[in-house]
Amino acid sequence: MSSFGDWPTEYQVCGDPTWHTEPMEIDLPPDQACEVAIRVTTDGSIEKRTGSFQVTSHWSTRAVAKEMRVFNGSWAILFVDDDRDQTDEIPILAALDANSLLYDHWDINHDHGGNSPTLGYMADYDQIVWHNSWWPTTAPLSAGDVTALMSYVDGGGSLFLTSQLFLADPEGPANFITDYLGVESYTVDPEYEHLDGVVGDPIGDGLSFDLDFPFSALRNGDAFTPTATATACMTEPGGMTVTAANDIQDAGKVVFMAVAANAIPAEGADPNNLTEVMGRIMEWLEPQVPADVDDPVAVVLGSRIDGARPNPFNPRTEIDFRLSRTGASGPVRVEIFDLAGRKIARLFEGSLTAGPHTVTWTGTADGGQPVESGVYFVRLNTREGWNAEKLILLK
């Protein structure tokens, strides 16, 4: 395991409660998985650091390394630069910098051959800023982009989409506009040049500024009526909404701005500047920060184990878990493993609807024989990945 500079790094493996810093050997049966948890102790700096964890097979000598990154003092933000060959992202990135927010910059056209980030890549980030500028283009978000963003938000991710192009040429499932962006109905290109914040709104309160377009022909932002679940943040002179915030039940948060964010003046007295606006948006999108945990838990999207009641237990425990819409769209398995990573019992396999569910474990293996007292793990497997929770059986 390579270190993160002077940040101490430790790991746990196969449920062993001891934190290790030196290489160690373990025996795994064929086709058996083993959980690994990494713990990095950071300082007060705001910076990104990279380390890696390597596993080497004594049988084949094959070595596989997994790169890991820590965003310290900031949410992990992915900035998706989707403005063709323009450089309109520069003032938005400067606003993130001014708010001391750390981000990775994915330039679709310049660095990735026209390819957008995949869902698996986006899932590693707390927040996504997806930026279209004011320059006309065909299908600013593809159907694949929309589907991936829907799954990302289903899993609890936070999205800020700034695009004055998408509603004019939407792609992908139609409910992305209503259920995720919070748009009930809309008007394309009303050609406004001024925005006002909604009084009392955490994003819009006190805002009033002229938009800065280099040419009048680029005043092609859209306006809309928000759905019942979305809250208007900024409006154009005609009273229609231009920016809305949508806190989606059992999922993540979305802020949709139907004009290019780079049209907001970079200079101006607070709060009427891009730095203040971006700071407010990103703060509203703040993901829920989980409590510190001492047990290995894999990072998944929305589907998760909520806990077991009672725990410790004897003779039975009720295991609560929740499925996102993405997790419920594929096969679901709930299984019990021991500390060595051996599967003990399969509690459920099949299909379930999105939402909360409960299964029961009576402390028996698949063959019906009782297991010994000790520590076990219940693992939820969905198409999003897996999530585990420690169980303690006391006899």
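Helix H6, spanning residues 274-284, tucks away a good share of its residues: Leu274, Val277, Met278, Gly279, Arg280, Ile281 and Met282 are buried. Buried here means under 20% relative accessible area, exposed means over 50%, and partly exposed covers what lies in between, using a 1.4 Å probe and protein chains only. Helices (H or I, at least four residues) and strands (E, at least two) are DSSP runs, numbered from the N terminus. This is a predicted model, in which local features need pLDDT of at least 70 and side-chain atom pairs count only at pLDDT 80 or more, while totals for chains, interfaces and linings use all residues. Residues are numbered from 1 along each chain as its sequence is written, and side-chain values use heavy atoms, with hydrogens and water left out.

At the N-terminal end of H6 sits a cap, Asn273, with a side-chain oxygen 3.3 Å from the backbone nitrogen of Thr275. That counts as a polar contact, a pair of N or O atoms within 3.5 Å; within protein, one must be able to donate a hydrogen and the other to accept it, and residues adjacent in sequence count only if both atoms are side-chain atoms.

Met282 of H6 turns up again in the surroundings of Val129, a residue of strand S7 (residues 127-131). Val129 counts as buried because its relative accessibility is 0%. Besides Met282, Val129 is in contact (heavy atoms within 4.5 Å) with Ile77, Leu78, Phe79, Val80 and Phe160, leaving aside neighbours within four places in sequence. His105 is 24 residues from Val129 along the chain, and their C-alpha atoms are separated by 9.7 Å.

Ala245, in strand S14 (residues 241-247), is another covered spot: its relative accessible area is 5%, so it is buried. Not counting residues up to four places away in sequence, Ala245 touches Ile203, Thr229, Ala230, Thr231, Cys233, Val254, Val255 and Trp284. Gln86, by contrast, is 159 residues from Ala245 in sequence and 27 Å away in space, C-alpha to C-alpha.

Towards the start of the chain, strand S1 (9-13) is mostly covered, with five of its five residues buried. In a regular strand the side chains alternate between the two faces of the sheet. In S1, Thr9, Tyr11 and Val13 point one way, Glu10 and Gln12 point the other way, and all are buried. S1 runs antiparallel to S2, and five bridges join them; two strands pair if DSSP finds at least two bridges between them. One of these links goes from Val13 to its bridge partner in S2, Val36.

The loop between S1 and S2 (36-40) holds Ile26, which is partly exposed because its relative accessibility is 39%. Together with Met24 and Leu28, Ile26 forms a nonpolar patch on the surface, with about 230 Å² of accessible area in total.

A few backbone oddities round things off. The loop between strand S16 (304-309) and strand S17 (317-323) contains Pro312, and Pro315 is found between S16 and S17 too. The peptide bond from Asn311 to Pro312 is cis, with omega near 10°, and the bond from Asn314 to Pro315 is also cis, with omega near 10°. Ser100, in the loop between helix H1 (90-98) and strand S6 (103-107), has a positive phi near 55° without being a glycine. Ser100 is partly exposed, at 38% relative accessible area.

Terms used:
Patches are made of residues with over 30% relative accessible area and no salt bridge: like charges are joined within 9 Å, nonpolar side chains (Val, Leu, Ile, Met, Phe, Trp, Tyr) within 5 Å. Accessible areas come from the Shrake-Rupley method with a 1.4 Å probe; for residues, only the protein chains shown count as cover. A salt bridge is a side-chain nitrogen of Lys or Arg within 4 Å of a carboxyl oxygen of Asp or Glu.
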